[in-house]
Amino acid sequence: MPRAGFRGSLTGPKVDVIVDMGNPFLNLTVDGFLKIGTVGVAKAAAEETYDIAKKGSISQHQLEHSLKKMCKEGAYWGTVAGVYVGMEYGMGRIRGTRDWKNATLGGALTGALVSAASNSKRDKIVMDAITGGAIATAAEFLNYLT
């Protein structure tokens, strides 16, 4: 159930959804898909709301387009997050340890896979792997700071 509170700072509603697939790998992957997919939907909804407000009116066609865009963004963001979480978990299982290197390897593999699925240029795939690894590593180090 959503909750909000005030304890020196404002905290937003917290919603916990538990999905038990019977396997920790699948549990983490589905959890990542749902959480980050929701972020993608919210991003698309905000952009579409702004566009509609700017135009001042909405048609049935625009509404359908907005809903399709929200679903597409949610599915894309969720898929990338699910792949990343699965890769990071898999790296931990293979290496037998949980550290920042799992995030680096998981991010690099995710960047390469997503890039390879969307284009076929070798240099772009390598650059996306480097970017994915760098972003995942930075996020991991930021988690240690907080």
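Start by selecting Gly-37, which sits in helix H1. This is a predicted model, so keep the confidence colouring handy. Is Gly-37 buried or exposed? With a relative accessible area of 7%, Gly-37 falls under the 20% cut-off and therefore counts as buried. Show what surrounds Gly-37: leaving out residues up to four places away in sequence, Gly-37 touches Gly-32, Gly-74, Trp-77 and Gly-78. Now draw a distance from Gly-37 to Met-70. They are 33 residues apart in sequence, and their C-alpha atoms sit 9.6 Å apart in space.

**Zoom out**

Show the whole chain as a cartoon. You should find four helices and two strands, running β-β-α-α-α-α from the N terminus on. Buried residues account for 20% of the 146 residues in the chain. Take the contacts between residues at least 6 apart in sequence: 51% of them join residues at least 24 apart. If you switch on a surface, the accessible area comes to about 10,500 Å², and carbon and sulfur atoms hold 66% of it.

Now colour by pLDDT. The chain averages 87, and 88% of the residues score at least 70. Then pick residues 1-10, where the pLDDT is below 50; that stretch has eleven contacts in the model beyond near neighbours in sequence.

**Helix H2**

Next, select residues 60-95, which is helix H2. H2 has 36 residues and reaches 52 Å from its first C-alpha to its last, close to the 52 Å expected at 1.5 Å a residue. Which residues of H2 are buried? They are Ser-66, Gly-74, Gly-78, Ala-81, Gly-82, Gly-86, Met-91 and Gly-92. Their cover includes H1 and H3. Two of the names should ring a bell, as Gly-74 and Gly-78 were among the contacts of Gly-37.

Stay on H2 and click Val-80, which is found in this helix. At 25% relative accessibility, Val-80 is over the 20% limit for buried and under the 50% limit for exposed, so it counts as partly exposed. Setting aside neighbours within four places in sequence, Val-80 is in contact with Thr-110 and Val-114. Try a distance to Gly-111 as well: Val-80 and Gly-111 are 31 residues apart in sequence, with 8.6 Å between their C-alpha atoms.

**Round the corner into H3**

Follow the chain past the end of H2 and you arrive at Gly-96, whose phi is positive, near 75°. A little further on, select Asp-99, in the loop between H2 and H3. Asp-99 has a relative accessible area of 19%, so it is buried, given that the cut-off is under 20%. Draw a line from Asp-99 to Glu-140: their C-alpha atoms are separated by 8.9 Å, with these positions 41 residues apart along the chain.

Now for helix H3, residues 100-118. H3 has 19 residues and spans 27 Å from first C-alpha to last, close to the 27 Å expected at 1.5 Å a residue. Its buried residues are Asn-102, Ala-103, Gly-106, Gly-107, Thr-110, Gly-111, Ala-112 and Ser-115, and what covers them includes H2 and H4.

Pick Asn-102 from that list. Its relative accessibility is 2%, so Asn-102 counts as buried. What does Asn-102 touch, not counting residues up to four places away in sequence? The answer is Glu-88, Met-91, Gly-92, Arg-95 and Thr-97.

**Helix H4**

Select residues 122-145 for helix H4. At 1.5 Å a residue, its 24 residues should span 34 Å, and the end C-alpha atoms are 35 Å apart, which agrees. Ala-129, Gly-132, Gly-133, Ala-136, Thr-137 and Glu-140 are buried in H4, with H2 and H3 included in their cover. Glu-140 is the residue you just joined to Asp-99.

**Last stop: the largest pocket**

Finish with the largest pocket, which holds about 670 Å³ of space. Of the 24 residues lining it, select the closest to its centre: Val-80, Ala-81, Tyr-84, Thr-110 and Ile-135. Which elements give two or more residues to the lining? Those are H1, H2, H3 and H4, and H4 gives the most, with eight residues. You have already met Val-80 and Thr-110 as a contact pair.

Note on methods
Residues numbered from 1 in each chain as written. Predicted model: local features only at pLDDT ≥ 70, side-chain atom pairs only at ≥ 80, totals over all residues. Heavy atoms only, no water. pLDDT = per-residue confidence, 0-100. Contact = heavy atoms within 4.5 Å. Expected span 1.5 Å × (residues − 1). Buried < 20%, exposed > 50% of the residue type's maximum accessible area, 1.4 Å probe, protein only. Areas by Shrake-Rupley, 256 points an atom, 1.4 Å probe, with all protein chains shown as cover. 1 Å grid on protein atoms, 1.4 Å probe; cavity = no way out; pocket = protein on both sides within 12 Å on 5 of 7 lines; lining within 4 Å. Points joined across faces, edges and corners; volume = space filled by probe spheres on them.
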